[in-house]
Amino acid sequence: MSTNILTKRIEAARAKGRLALIPFLPAGYPDKKRFWDEIDALDASGADIIEIGMPFSDPVADGPVVEHASLKCLDAGVNLKWILGELAARKGRYQAGLVLMGYLNPVLQYGLEAFARDAVSAGVHGVILADVPFEESDRVHAAFDPHGLVLIPLVGLNTTPARMALYGADAKGFVYFVSVLGTTGVRASFDTTGLPAHLKQGLETAKAAFPVPVALGFGLKHPDQLKELAGLVDAAVFGSALIRHIDAGGDSKGFMQIWK
Amino acid sequence: MKKGYFGEFGGQFVPELLMPPLLELEDAMARILPSKEFRDELASELKHFVGRPTALTFCPNLSAKLGVKLWLKREDLAHGGAHKVNNTIGQALLAKKLGKTRLLAETGAGQHGVASALAAARLGLECTIYMGATDVERQSLNVRRMRLFGAEVVAVDSGTKTLKDAINAALRAWIAEQETTHYCFGTAAGPHPFPLLVRELQAIISREARTQMLDQAGCLPDYVVACVGGGSNAIGAFHEFVPDAKVRLVGVEAAGTGKPGDWHSAPLSKQGSPGVLHGMLTQLIQTDEGQILPSHSIAPGLDYPGVGPEHAAYQASGRALYVSVTDDVALDAFVELSRNEGIMPALESSHALGWVLKNADGFKPGSNVVVCLSGRGDKDLDIVNDYLAQKA
C-alpha cells in the first residue's frame with residue numbers, strides 16, 4: 001500500500017533535517033473571507049500539513065482560546081457544508097497535507113459516509129476527532145477506511161503502552177501526541193529550561209508503539225522548544241499560538257517565520 | 001451488547017486523555033462496589049447521614065379528588081432535600097477507596113453541587129464545583145450553601161454559561177486533575193460507566209418503594225412516574241420495577257413555556273434526535289448540523305439539552321413512556337400538593353406530579369400511582385411567588 005500523503009509530507013521535512021510544521025486554524029477564523037487568505041499564506045510559508053478546525057458548540061478538549069475562536073466561527077455561520085464546499089473549490093491548490101479536526105457530533109449529523117466521501121473529494125487527507133477514543137472508533141473506521149480517509153489517533157502522557165498498541169496497530173498518517181494533561185493552549189508543557197522526563201518518556205513510548213510519525217501538540221509557545229524535540233518527534237502542531245498571533249494583529253506568514 | 005451501551009445509546013465519547021480515569025472507575029465499580037465492606041459503609045451512611053429509608057406517603061386528599069390512589073416516594077426527606085445525596089455519598093465513598101483526595105462536580109441549579117459539597121465535607125474530601133456563571137447568579141442561595149460546606153465554586157463563563165457548559169468545564173478540569181480527583185457526575189448520563197454507576201446508587205429509590213408498596217398497599221403500583229432532566233431520580237425510581245412488566249413507567253420532561261419557538265428540555269418527548277454530547281450517544285436537542293441548542297425549563301434541575309442514555313433506550317424499546325408538561329402545569333401542581341397534602345415539591349418533581357394531575361381521569365379508577373418526589377420546593381419559593389402574583 002502506498003504511503004499516506006500526510007506521512008510523506010512529514011518524512012520530506014525530516015529529509016531536510018527539520019521538524020514538520022502543522023499549524024491549526026478554526027475554519028472561518030478570524031472571518032470567513034480572510035480565513036482562506038491565511039490558509040494560502042500558511043501553505044506558501046512552508047506549512048507541511050494544515051489542520052482546519054471544524055467548530056462545535058461543546059468542545060471539551062479545547063481551552064478558552066480555541067473555544068472562543070470556534071464559537072465565533074459558529075456565530076458567523078461556519079458549518080461542514082461550507083468548509084467542504086470551499087475546500088472542493090480550491091482542490092489541488094495546496095502543497096500541504098490537509099487535516100480536519102473537530103468533534104464527532106457535527107460529522108455524525110452530516111453522515112459519516114457522506115462526510116468521508118465529500119472530504120476526500122475536497123482534498124482532505126485525514127481527520128482528528130477529539131472525542132472518539134479507540135473504544136468508539138469502529139463506526140468511524142467503517143465509514144472512512146473505504147474512502148482512504150485517515151482517522152488520526154490522539155494519545156497523551158497518560159496513555160499506557162498497551163493502549164498505544166491498540167491505536168498503533170492500524171495507524172496511518174501520523175499520531176497526535178498531546179504534551180500536557182490538559183486542554184489546548186491552557187499551559188505550556190515545558191519551557192526553555194528543558195523537556196520534563198515524563199514527556200520525554202511518553203514520546204519515546206509513542207515512537208516505539210507507532211509505525212507512523214509522531215506530532216506533538218498542545219503547549220508549544222516558543223521556537224526554542226523545537227530544538228528540545230529534535231529526534232523525539234517528527235512534527236509540531238501549533239493551535240492556540242497561531243490564534244493568539246492573529247488576535248494580536250499578526251498574520252500567518254509572520255507566524256510561520258518565527259517557527260521555520 | 002457493546003460495553004457501556006443501552007441498546008444503541010451510551011458509549012464513551014471522550015478524549016483519550018479521559019479514558020484512563022474512566023477505566024479506573026470501571027475497575028473500581030467491579031471491584032469495590034460489590035464488596036461487603038463498601039456495601040456496609042454505604043448502608044450505614046444512607047441510614048445515619050442521609051436518613052433512609054425515606055417514607056412512601058399516601059395522599060388521601062388528592063387521591064379522593066382524582067379517583068386514583070396517589071403515593072409519593074419522599075426523596076424530599078433525604079438529607080440536603082433531594083435524591084442527589086444518594087449518588088454523591090456513594091461516589092464520595094468510592095473516591096476515598098480509590099485514594100482520591102478531592103471531588104469535582106458540575107451543577108446547574110446547585111442541588112447536585114450542594115449534595116457533592118456536603119458529602120465531601122462528611123468524608124473529609126476537598127471539593128470543587130463548576131457552575132455556569134448565569135446559574136451562580138440566579139441560584140445564589142445554593143452557592144452560599146456549597147461554600148459553607150467548604151467547597152470552591154468556580155463560575156463558568158463560556159458558551160451558554162449554564163449546566164451544559166459547567167459539564168464541559170468539569171470534564172476539562174478532570175483531564176488535568178485525574179490523578180488526585182474523582183469526577184462526581186450528577187446524573188445517570190455522561191460517558192460509561194457514569195450512567196451505570198449513578199443508576200446503581202439511585203436504584204435504592206425503587207428498591208425501597210417496591211417493598212413499601214407491597215407492605216403498605218399489598219400490591220405493586222400500576223404507574224411509577226418521575227421527572228426527567230438528565231434522568232437520575234427517574235432511573236432510580238424505575239430500575240427495580242423494570243422486570244415487573246405490568247408496572248407502567250412514565251418519565252416526564254420539561255416542555256418549557258410551551259410556546260412555539262421557545263426552548264424546552266424535552267429531547268425524548270419533543271423534537272430530539274440521536275447525537276453525541278458529554279461522552280454519550282443519546283437523544284439531544286440540536287440543530288441539523290449537530291450543534292447543541294440551549295434548553296429551558298422553569299425547573300433549573302431539568303434544564304438540559306440531553307438525557308441519560310438508558311432513558312433513550314427505554315423509549316426506543318417501549319419499556320417506559322416519555323411525556324412532557326409545561327411550566328404552568330408544574331407550577332399548578334406545586335401549589336396543589338402544598339395546599340392539599342401539606343407537602344411542598346421541588347419544581348422538578350412538580351412536573352411528574354403535574355402530569356398525573358392532568359391525566360388522572362384517563363387512568364383506571366383506583367389505580368395505584370407512585371410519583372417520585374425527587375426534592376423539596378423551598379428553593380423554588382421565589383419563582384412560585386412571582387407566578388402566583390402574576391396570576392392574581
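1. Let's start with the aromatic pairs: the count comes to 17 over all chains of this predicted model. One of them joins Trp355(B) and Phe363(B), whose rings sit 5.8 Å centre to centre with 45° between the planes, a tilted arrangement.

2. Are the two partners of that pair buried or exposed? Trp355(B) has a relative accessible area of 10%, and since buried means under 20%, it counts as buried. Phe363(B), at 7% relative accessibility, is buried too.

3. Elsewhere in chain B you will find a cluster of rings: Trp174(B), Tyr183(B), Phe185(B) and Phe194(B) are linked by ring pairs.

4. Now to the strands, where S10(B) is a good place to look. This strand covers residues 248-254 of chain B, and six of its seven residues are buried, so the rest of the structure largely encloses it.

5. Which strands pair with S10(B)? Strand S9(B), residues 223-227, does so in the parallel sense over five bridges. Strand S13(B), residues 320-325, also pairs with S10(B) in the parallel sense, here over six bridges.

6. For a closer look at the register, Cys227(B) has Val252(B) of S10(B) as its bridge partner. Towards S13(B), Gly251(B) is bridged to Tyr322(B). As a reminder when you follow these strands, side chains in a regular strand alternate between the two faces of the sheet.

7. Finally, the connection: S9(B), helix H11(B) (residues 232-238) and S10(B) make up a β-α-β unit, and this unit is right-handed. The parallel pairing of S9(B) with S10(B) over five bridges is worth viewing alongside it.

How values were computed: Residues numbered from 1 in each chain as written. Chains lettered and ligands numbered in written order. Predicted model: local features only at pLDDT ≥ 70, side-chain atom pairs only at ≥ 80, totals over all residues. Heavy atoms only, no water. Buried < 20%, exposed > 50% of the residue type's maximum accessible area, 1.4 Å probe, protein only. Helix = DSSP H or I, 4+ residues; strand = E, 2+ residues; numbered from the N terminus. Pairing = 2+ DSSP bridges. Right-handed = clockwise from strand over helix to strand, strands pointing away. Phe/Tyr/Trp six-rings, centres within 6.5 Å; stacked < 30°, edge-to-face > 60°.
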